[in-house]
Amino acid sequence: MSTDHHHDHGAQDDERRRFVAPDSSRRHHPAPDADEARLAELYDAALDDCRPCQERLLALVAQDAHATADLVNWACVITGETYGEIPDAVLEDDREDLFPEPFRQLAGTYQDHFMACTDYEAMLPQCSAMTDGQRRQAAAAAVALVVGLSDFGIDFPFQ
Ligand SMILES: [Zn+2]
């Protein structure tokens, strides 16, 4: 499916676009450049509030355990840098609307493993074991989290 427009990361003066998609080059199996570009476009589509592109890109990410792990990992890194750790509000089950079960599982794995720098490797088999629907839930929550944290003006649930 193609679209007639593109969301790009070129708006340098837009403070909300300050996050960049994760650099996977340090990993044993780096993500292809196209995957990183896809995550960046998903972020931009979410910032631009473009629902068709978000749906299209989320569907692609949901088919791919690596891409899902990359995306959730990215959200966890930004969350960790913002709060110093993954806040309990992200890990507990009372905000299922914001943080569905598949996302919480992965965020918990991140929390348990990031100190040892094995977070991505630990998240990957979990993502592989999920259904497309579960990966989509995790990916959508991750994008929403990245977008929420990119905008200081937004009322975030655990500020
Ligand atoms: Zn779009």
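**Helix packing in a predicted model**

User: Which handedness does the crossing of α5 and α6 have?
Analyst: This is a predicted model, in which local features need pLDDT of at least 70, side-chain atom pairs count only at pLDDT 80 or more, and totals for chains, interfaces and linings use all residues. Residues are numbered from 1 along each chain as its sequence is written. Helices (H or I, at least four residues) and strands (E, at least two) are DSSP runs numbered from the N terminus, and a crossing is left-handed if the near helix is turned anticlockwise from the far one by less than a right angle, right-handed if clockwise. The crossing of α5 and α6 is right-handed.

User: How are α5 and α6 oriented to each other?
Analyst: With axes taken as lines fitted to C-alpha atoms over the stretch in contact, and angles from 0 to 180 degrees between N-to-C directions, the two helices cross at roughly 150° and their axes come within 8 Å. Angles under 35 degrees count as roughly parallel, over 145 as roughly antiparallel, 65 to 115 as roughly perpendicular and the rest as oblique. The pair α5 and α6 is therefore roughly antiparallel.

User: Which residues of α6 are met by α5?
Analyst: Contact requires C-beta atoms, placed from the backbone, within 7 Å. On the α5 side the participants are Q105, L106, T109, Y110 and H113. Their partners in α6 are D119, A122, M123 and Q126.

User: What exposure class does H113 have?
Analyst: H113 lies in helix α5 and, beyond its neighbours within four places in sequence, touches T118, D119 and A122. A residue is buried with 20 or more other C-beta atoms within 10 Å of its own, exposed with 12 or fewer and partly exposed in between, the C-beta atoms being placed from the backbone. Because H113 has 15 C-beta neighbours inside 10 Å, its class is partly exposed.

User: What is the relation of α3 to α6?
Analyst: The axes of α3 and α6 lie 9 Å apart and meet at an angle of about 130°. Contributors to this contact include A69 and V72 of α3, together with M123 and L124 of α6. At that angle α3 is, to α6, oblique.

User: Which helix gives the most to the largest nonpolar core?
Analyst: A nonpolar core is a set of buried Ala, Val, Leu, Ile, Met, Phe, Trp, Tyr and Cys residues joined through C-beta atoms within 7 Å. The largest one has 37 residues, and L42, L71, V72, A139, A142 and V143 have the most contacts inside it. At least two residues each come from α1, α2, α3, α5, α6 and α7. The top contributor, with nine residues, is α7.

User: What span should α7 have at 1.5 Å a residue?
Analyst: Helix α7 covers residues 132–150, and 14 of its 19 residues are buried, so the rest of the structure largely encloses it. The expected span of a helix is 1.5 Å times one less than its number of residues. The end C-alpha atoms of α7 are 27 Å apart, in agreement with the expected 27 Å.

User: Which helices do the buried residues of α1 pack against?
Analyst: The buried residues of α1 include L39, L42, Y43 and A46. One of them, L42, is in contact with Q54, L57, L58, V61 and V143, leaving aside neighbours within four places in sequence. The buried residues of α1 pack against α2, α3 and α7.

Definitions and conventions: Contact = placed C-beta atoms within 7 Å.
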